[in-house]
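Here are two short exercises to work through with the model open in your viewer. Try each task before you read its solution.

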Amino acid sequence: LDVTSAKNVFHGCSKLSVIPISLFKNNSNITTFEGAFMGSGLISIPIGLFDSNNQVLSFKNVFANCSNIASIPSHLFDNCALVKDFSGAFLNTKVVSIPSGLLINNPEVETYSEMFSGCQITEIPTDLFGNSGAGAINFSKMFYNNNITNIPEGLFSKMVSAQNYNEVFNETQISSIPNNAFYGNEASCENFVPLSNIQTIGNNSLIGLAVASDMWKNNTSLNTIGENAFWEKGREQITNSPLELMSGCTGLTTIGNINLKPIDTGVSLNSMFLNCTSLANVEGFFYGISNQPSLAQDISFENSPLTYNSLINIKNSLVTNSAEDKKTLKLGIDNLAKLSITDKIEIINKNWILDGYNLEEDLSDINNVETYVQDKYGNENTQVGGTLTTGLYYYVRLVTMSEQKEVGTYAVNKKTGISY
C-alpha cells in the first residue's frame, strides 16, 4: 500500500496489547510514525518492526505513554537513516534499559527532546549515538526523571550543533559529570543536571554550554572541578561572565585550569570564589597551548586556604597590566603570609595591587631585601656578602659561599622593589 503516514494510527487504543512483526512491512513509504501507538495498551515492541521503513522522518511520541512497555528491542531504528525527530519516542513508558548502539544509524536527527523522559532507566550505554547526533539541536529532557546514576564519559562530546540541553538529566540520581560529557554551540543548559547533587565535574566536561554566571553558586556538595571544565583552553569568547560561578561552594577543594581570556578585563571576579572556604588546590588560569597567563581581572581568594603551590599558580597566571590600569588581587592575611617577599614583589611588578600588603614596610627590613636578592639572583652556592644603603636603593652584594668571590651587586628600589 502507498501509505505515507502512520500518524496517530493506534493512538489511545488501550486494548491493543500485541502487534505482528510484519505490521508495516509493506509500507516502505511511511514518513511519519508520530503518535502511532501513543497511549495504547501495547506491552512489547516486536523485533524489526521498522526494518522496512527507510523513509521515516519522525518518530515523535511513537510509544509515548505506553505504560506497559518495559523494553526496547536492539536495532529497532537501524534502517531509519533519514529520521529527524525522536522527541518523546518513549516518553512515560516503563523502559528500564537502552540497547547498545540504538541510535548509531540515525545521522540526520535534529531533536531528541524527551525521548526517554519519565522512564525507569538506570544506565545509558556508552555507544548510544556512535558517530550520529552531530547535527542534532535539541536534547532537552532527553533523560529527564529517570533512575540514572552515571553519565557515560564522552556521551555528547560529538554534538557540535547542540543548542538545548535544558533539564536533560534533571530529576535523576547523577552526582558527577565525567570527562568530555557535553559539547555544543553555546547550548542552553538550565537545570541540565540536578545541580545541588553534583560533587565532581570532569575535564572538558561542559564545553560549548552557555554556562550561567552563577551556575554552581551555593552548591555545598561540589568538591572537585577538572581541567578546562567550562570552556576550551583556547576560547576567546563566551556568553556569560563567571561572576559568581562557584560562590558559596563551601565543599570545593580543587579546581583545574580555567581560561579567563574570554572575560572582559573590566569585569570584577571578586565573587567568583566568594566563601569557597575549603578551596586549597588551584591549577591556574592559563590560555592556549602555550599556557599564556589569562588572569586580568580583579579577583579574590581571601576566604580560601590555598596551598603555596596554588598561590604560585595564581601568581604565574597574572597578566602584566599597564601602570595606568592596575588590577587588585585579594588573597587574605593567611595566604599572604605563605608567600615570600620575592613572590610578592613579582606580583606587584606586574602592576597588580596586592590587597593588604605594604611593600615599603617589608622593604624597610634589610633582611627581607637580602632574602629577595638571594632568591632572585643567587643559587645554592651563593650568599649575601654585604649590603649598602642609600636614600633610594639597597645595593646587595652576592658572593660564592666557598671562596667569597663576588658574583654581582644588585640594586633594589626601596619603594617599588624593582631590582637590576
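The exercises below deal with a sheet and with the cysteines.

This is a predicted model, in which local features need pLDDT of at least 70, side-chain atom pairs count only at pLDDT 80 or more, and totals for chains, interfaces and linings use all residues. Residues are numbered from 1 along each chain as its sequence is written, and side-chain values use heavy atoms, leaving out hydrogens and water.

**Exercise 1.** Work out the strand order of the open three-stranded sheet and find its edge strands.

*Solution.*
- Start with the terms: helices (H or I, at least four residues) and strands (E, at least two) are DSSP runs, numbered from the N terminus, and two strands pair if DSSP finds at least two bridges between them.
- The order is β8-β9-β10, with parallel pairing.
- β8 (299–300) and β10 (352–354) each pair on one side only, which makes them the edge strands.
- Two parallel bridges join β8 to β9 (residues 327–330), and Ser 300 lies opposite Lys 330 in β9.

**Exercise 2.** Find out how many disulfides the structure has, and explain why Cys 276 forms no bond with Cys 249.

*Solution.*
- A disulfide is a pair of cysteine sulfur atoms within 2.5 Å; the whole structure holds zero.
- For Cys 189, the nearest cysteine sulfur belongs to Cys 249, 15 Å away.
- For Cys 276, the closest cysteine sulfur is that of Cys 249 at 5.3 Å, so the two are too far apart for a bond.
- Check burial too (buried is under 20% relative accessible area, exposed over 50%, partly exposed in between; 1.4 Å probe, protein chains only): Cys 189 is buried at 6%, and Cys 276 is buried at 0%.
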